[in-house]
Amino acid sequence: MTVLIKEPKEIVEATAGFSQETVRQASAAKDEPAWMLDLRLRAWQTFESLPWPKPTDEDWRRTRLTSFNLDNYTPFATPGGTLGLDELDPILLNALDEMDSSASLLYRDGGVIYSRENQDLKQQGIIFTDLQTAVKQHPELVRRYFMTEAVKPDANKFTALHAALWDTGSFIFVPSNTKVVLPLQAILYQGERVGGYHHTLLVAEEGAEVTVVDDLLGAKNSFQATVVELILKDNAQVRYMNLQDFEHTAWNFLTGSAVMGKDTDLRWIQVSWGSRLTKAFLDLDMRGEGGHGELLGLYFPTRRQHIDHQTLQLHRVPNCFSDLLFNGALKHRARSVYMGIIKVLPGAQKTDAFQRNGNLILDSSARADSIPGLEIEADDVRCTHAATAAQVEDEYVFYLMARGLTRPQAERMIVQGFLQKVLDRVPVESVVHKLEKVIARKISR
């Protein structure tokens, strides 16, 4: 393991608000090649051409952007240099120590502040680096995959803004028939009152196997527009975990898509603990026969948090399987929204797809909206969906308290039991322990 220490870059500040000039400043701050600046500028034109979400838009009918205003934020953070292990914030050190990993990257203030590398990975041809480094050292790969196949800049207003101003990001490339034994870990700690645009680009070639964990923290009084792109070539196996635990004053917008080839195997764990408001678009795009995709979600909004997940299980070809399970608990005046579609295109026979959303209501003032759906254009398929919302029965709490548990302990046991169906499918034990700690924390608030 090695730690790379770099000299701080020249500071470049955003001086023109959100504008084309700001895009140029962001690119100049990173000394990017001309092709990336051109991509950013075209994305900015797309951003300007797209309307802001309206309450009449079906995707946003239940999630309002009231009081969200770009002018309240610095357009992009000013990156500094990287740090040594002894210089890291205790919060980041704790996140780093919670999991055994093959390699780790830590991001803050729009850039990398710490890198723990593994020479064995490099010898196998595995690339795990920050996206800015990848733009310069692996331009042919980045140009081929960055927002060209899985998520495109015009997917929505926030992906266009992301493509124009993206700052931190991880690039993971796993060559054919190569296995990464331990997870690859990326930790983002976003600063205060600033826009953030974190990107994950993972390419697993034929027969490759890898596990990646994104840990997202901070973002006090900030907003984050994240993009996740997972590209699985034939027979690849990917385990991806996105653990969002932002401050409760953050606005969080996520667009993620997995493009799956023939006989691929994907398990995507999406966790939404933090933020003031989260709007997440998550897609499984099954393009090769024999694909197996799992999309699993956990959420636990409290106080006045608003968490909205919108999913698409897109079956383009025959003989694919997809399974979605999103379970969440709600407390106080929190609100959750789940809207999902299983879409089977003509000719995608022998599709097997399932979709389930469960909600546990801990307070009468909490609200959960669940809208699962099917759009089937083939006649030989098995597709089902289900949604539930229920309150905790007082007799269950009384039963546990009668056996010596306090009310918080009883509620914690009931909630953890409800969420256990998802926890049981999290493939990294240290991540399971981390999630259990957050559940305990949310219960006690």
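Here are some numbered notes to help you find your way around this structure.

1. A word on confidence to begin with. This is a predicted model, and its pLDDT averages 92 over the protein. A score of at least 70 is reached by 96% of the residues. Please take care with residues 1–12, though, where the pLDDT is below 50. In the model that stretch still has 32 contacts beyond near neighbours in sequence.

2. Strand E10 is a good place to start looking. E10 covers residues 223–232, and ten of its ten residues are buried, so the strand is largely enclosed by the rest of the structure. In a regular strand, side chains alternate between the two faces of the sheet. Along E10, Phe-223, Ala-225, Val-227, Glu-229 and Ile-231 point one way, while Gln-224, Thr-226, Val-228, Leu-230 and Leu-232 point the other way. Residues of both sets are buried, Glu-229 and Gln-224 among them.

3. Which strands pair with E10? One is E12, joined to E10 in the parallel sense over ten bridges; here Ala-225 has Phe-253 of E12 as its bridge partner. Strand E8 (residues 199–204) also runs parallel to E10, with six bridges between them, and Leu-202 is partnered by Leu-230 in E10. The short list continues with E7, which pairs with E10 in the parallel sense over two bridges; Gly-196 stands opposite Gln-224 there.

4. Strand E9 (residues 209–218) is worth a look next. E9 is mostly covered, with nine of its ten residues buried. Strand E11 (residues 237–246) runs parallel to E9 and is joined to it by ten bridges; one bridge partnership links Val-210 with Val-238 in E11. Strand E6 (residues 184–190) is parallel to E9 as well, through seven bridges, and Gln-190 has Gly-218 of E9 as its partner.

5. How many cavities of 30 Å³ or more does a search of the whole structure find? There are four, and the largest has a volume of about 70 Å³. E6 and E7 (195–196) are the elements that give two or more residues to the lining of this largest cavity. The largest share, three residues, comes from E6. In total 15 residues line the cavity, and those nearest its centre are Asp-109, Gly-110, Asp-167, Leu-188 and Gln-190. By kind, the lining divides into five nonpolar, seven polar and three charged residues. Gln-190 may be familiar from the previous point, as the bridge partner of Gly-218 in E9.

6. Turning to a helix, Phe-47 lies in H2 (residues 34–49). Is Phe-47 buried or exposed? Its relative accessible area is 6%, and because buried means under 20%, Phe-47 counts as buried. Leaving aside neighbours within four places in sequence, Phe-47 is in contact with Trp-52, Leu-70, Lys-157, Ala-160 and Leu-161. Ser-67 is 20 residues from Phe-47 along the chain, and their C-alpha atoms are separated by 20 Å.

7. Lastly, two backbone angles to check. Most residues other than glycine have a negative phi. Asp-31 has a positive phi, near 55°, and is found in the loop between helix H1 (20–29) and H2. Asp-31 is exposed, with a relative accessible area of 60%. Asp-263 also has a positive phi, about 55°, although it is not a glycine. Asp-263 lies in the loop between strand E12 (251–260) and strand E13 (265–272), and is partly exposed, with a relative accessible area of 37%.

Notes: Residues are numbered from 1 along each chain as its sequence is written. This is a predicted model: local features need pLDDT of at least 70, side-chain atom pairs count only at pLDDT 80 or more; totals for chains, interfaces and linings use all residues. Side-chain values use heavy atoms; hydrogens and water are left out. Buried means under 20% relative accessible area, exposed over 50%, partly exposed in between (1.4 Å probe, protein chains only). Helices (H or I, at least four residues) and strands (E, at least two) are DSSP runs, numbered from the N terminus. Two strands pair if DSSP finds at least two bridges between them. On a 1 Å grid over the protein atoms alone, a cavity is a set of points where a 1.4 Å probe fits but cannot get out, and a pocket is an open set with protein on both sides within 12 Å along at least five of seven lines; lining residues have an atom within 4 Å of a point. Grid points are joined across faces, edges and corners, and a volume is the space filled by probe spheres set on the points. Ala, Val, Leu, Ile, Met, Phe, Trp, Tyr, Cys and Pro count as nonpolar, Asp, Glu, Lys and Arg as charged, and the others, Gly among them, as polar. pLDDT is the predictor's confidence in each residue, from 0 to 100. Contact means heavy atoms within 4.5 Å.
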